[in-house]
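Which backbone and packing details would a careful reader check before using a model such as this one?

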Amino acid sequence: MTFVKTTLSASRYGARVATHAARSCLAAARMMITATDSAADAAATPDDLMALLRASGLAPLRLGGRTLLPIVQGGMGVGVSAHRLAGSVAALGAMGTISSVDLRRHHPDLMQRTNDLPPGKAATQAAKLAINEANIEALAREIRAAREIAGGRGLLAINVMRAVSEYGPSVTRALECGIDAVVVGAGLPLDLPELARDHPGALLVPILSDARGVQLLVRKWERKKRLPDAIVIEHPRLAGGHLGAAKIADLNDPRFEFENVIPQSLAFLRAAGIEIPLIAAGGIRCFEDIARVQALGAAAVQLGTPFAVTQECDAHANFKRVLAQARDTDLVEFISVAGLPARAVATPWLVNYLKAEPKLQRAAHVKPRCTLAFDCLAQCGLRDGLPGWGQFCIDTQLAAALRGDVKKGLFFRGVGALPFGDQIRGVRELMMRLLTQRDAVTA
Ligand SMILES: Cc1cc2nc3c(=O)[nH]c(=O)nc-3n(C[C@H](O)[C@H](O)[C@H](O)COP(=O)(O)O)c2cc1C
């Protein structure tokens, strides 16, 4: 099967040398906490975690006037990172991220409102408006609930994909709700400074994958007199979900290696007299991975998959099981309906879709309307009949994964064995594990 490309193990990256400072602090970290004691891990407070961080030799993330754990939970749609996960991460003194996409799926009353819409062409526009309205209301509810959990600790972000049609309204509503940070990926958010003009205190964080992208975006934003507050550098060969490369064949391009993109981006920023923290994302699984990217100059890391398999993750237990039990050899890369490469677990629906893909792409044609009437993407391969793009309804498949339908769902996942293997543990335990060196961990 030519479309299935086996991905590489992240352990290749994780095994590299930790910083000298991190090593010398090992004894202190051991004295403070026994990383194998999961009851102790579950009870750890934000102060315990900060003390563990200090003893570990890793640097904290300074962002928005706060000192945070250098661990960011990446936004995961549809509904995978909603208020519970994002709020729990923020409550521990890190940055938690709600994904903005189709959040009504967590609110039965909003689903009911949009399920009962009349069918037919004439009703399509009304249906679209009703679904978008429901999603905006759900977004406000999720931000409110996450803030309650966070209790003023850490930072709360919203992740909005540039490729979604409700990008602008979602950013605006989140800002009106007082979100701390707006994180935008899946496209270049060149217009984000304008969208956030009335919110000068909000943190703006684009997701990019190479130094050229960093340079381009910073130069354009400079002209608008606003700079990113941080930049996520997401590795297309390692991350889950949509990937920041134009083609599947580009995923292995050396320009995406952290060893290249982080020093190159920092050199550009230094030469321009600008200081912006870089956050490395994709395949980060352990303390040594964090130490390695901090040694390259990154300020922090962003993780998706390890947070998606926590107890606090907002998805169904089956969703977590599929991700936790998948091995790198179970992952496939394909072109999504957004026209970008994506990485997911080869579950039954995806395997069957990929078998049918050449035929579906040959038959691609413009449809009179979106399958779900809400045009979630600004440009959709299925609706717009774009032959080289995916030919499936992404919202339908991601929503199936969210509710734990293993046969029908699309399960995005990043590369690499997870910190607790196939076990589902809590966010606190995950944080403790990430802040503890491998040779201090025996379970
Ligand atoms: C299930 C899943 C859904 C994701 N959805 C989004 C998304 O909606 N927007 C986005 O910018 N990134 C998304 N991502 C990427 C993550 O935010 C994160 O950057 C990435 O997963 C990091 O790689 P890792 O999974 O190897 O840790 C998703 C990742 C996963 C695993």
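The questions below concern a predicted model and take up its backbone, its ligand shell and its core.

Q: Which residue follows Gly77 across a cis peptide bond?
A: Most peptide bonds are trans. The bond that leaves Gly77 has an omega near -5° and is cis. The residue on its far side is found in the loop between β3 (71–73) and α6 (83–91), and that residue is Val78.

Q: Is Asp102 buried or exposed?
A: Asp102 is found in the loop between β4 (95–99) and α7 (108–115), and its phi is positive, about 45°, although it is not a glycine. A residue is buried if 20 or more other C-beta atoms lie within 10 Å of its own. Because Asp102 has 25 C-beta neighbours inside 10 Å, it counts as buried.

Q: How many C-beta neighbours inside 10 Å does Asp375 have?
A: Asp375 is found in the loop between α16 (348–362) and α17 (394–402), and although it is not a glycine it has a positive phi of about 50°. Asp375 counts as buried because its number of C-beta neighbours inside 10 Å is 20.

Q: How many residues of the shell around the ligand are charged?
A: The ligand is surrounded by 29 residues, the closest being Gly74, Gly240, Gly241, Gly304 and Gly414. The elements that give two or more residues to this shell are β5 (155–161), β11 (300–303) and α14 (305–308). By class, the shell residues divide into 13 nonpolar and 14 polar, while the number that are charged is two.

Q: Within what arc do the buried residues of α9 fall, seen down its axis?
A: An α-helix has 3.6 residues a turn, so residues three or four places apart point the same way. In α9 (residues 167–176), the buried residues are Tyr167, Ser170, Val171, Arg173 and Ala174. These residues line one face of the helix, because seen down the axis of α9 they fall within an arc of 170°.

Q: Which helix gives the most to the largest nonpolar core?
A: In soluble globular proteins, nonpolar side chains tend to be buried together. The largest nonpolar core has 136 residues, of which Val182, Ile279, Ala280 and Val301 touch the most other members. The helix that gives the most to this core, with seven residues, is α8 (residues 121–150).

Q: Which residues is Ala280 in contact with, leaving aside its neighbours within four places in sequence?
A: Ala280 is one of the residues that touch the most other members of the largest nonpolar core. With neighbours within four places in sequence left aside, its contacts are Ile233, Phe258, Ile262, Val293, Ala298 and Val301.

Notes:
Residues are numbered from 1 along each chain as its sequence is written. This is a predicted model: local features need pLDDT of at least 70, side-chain atom pairs count only at pLDDT 80 or more; totals for chains, interfaces and linings use all residues. Helices (H or I, at least four residues) and strands (E, at least two) are DSSP runs, numbered from the N terminus. A residue is buried if 20 or more other C-beta atoms lie within 10 Å of its own, exposed if 12 or fewer, and partly exposed in between; C-beta atoms are placed from the backbone. A residue is near a molecule or strand if its C-beta atom, placed from the backbone, lies within 6 Å of it. Ala, Val, Leu, Ile, Met, Phe, Trp, Tyr, Cys and Pro count as nonpolar, Asp, Glu, Lys and Arg as charged, and the others, Gly among them, as polar. The arc is that of the directions from the helix axis to the C-beta atoms. A nonpolar core is a set of buried Ala, Val, Leu, Ile, Met, Phe, Trp, Tyr and Cys residues joined through C-beta atoms within 7 Å. Two residues are in contact if their C-beta atoms, placed from the backbone, lie within 7 Å.
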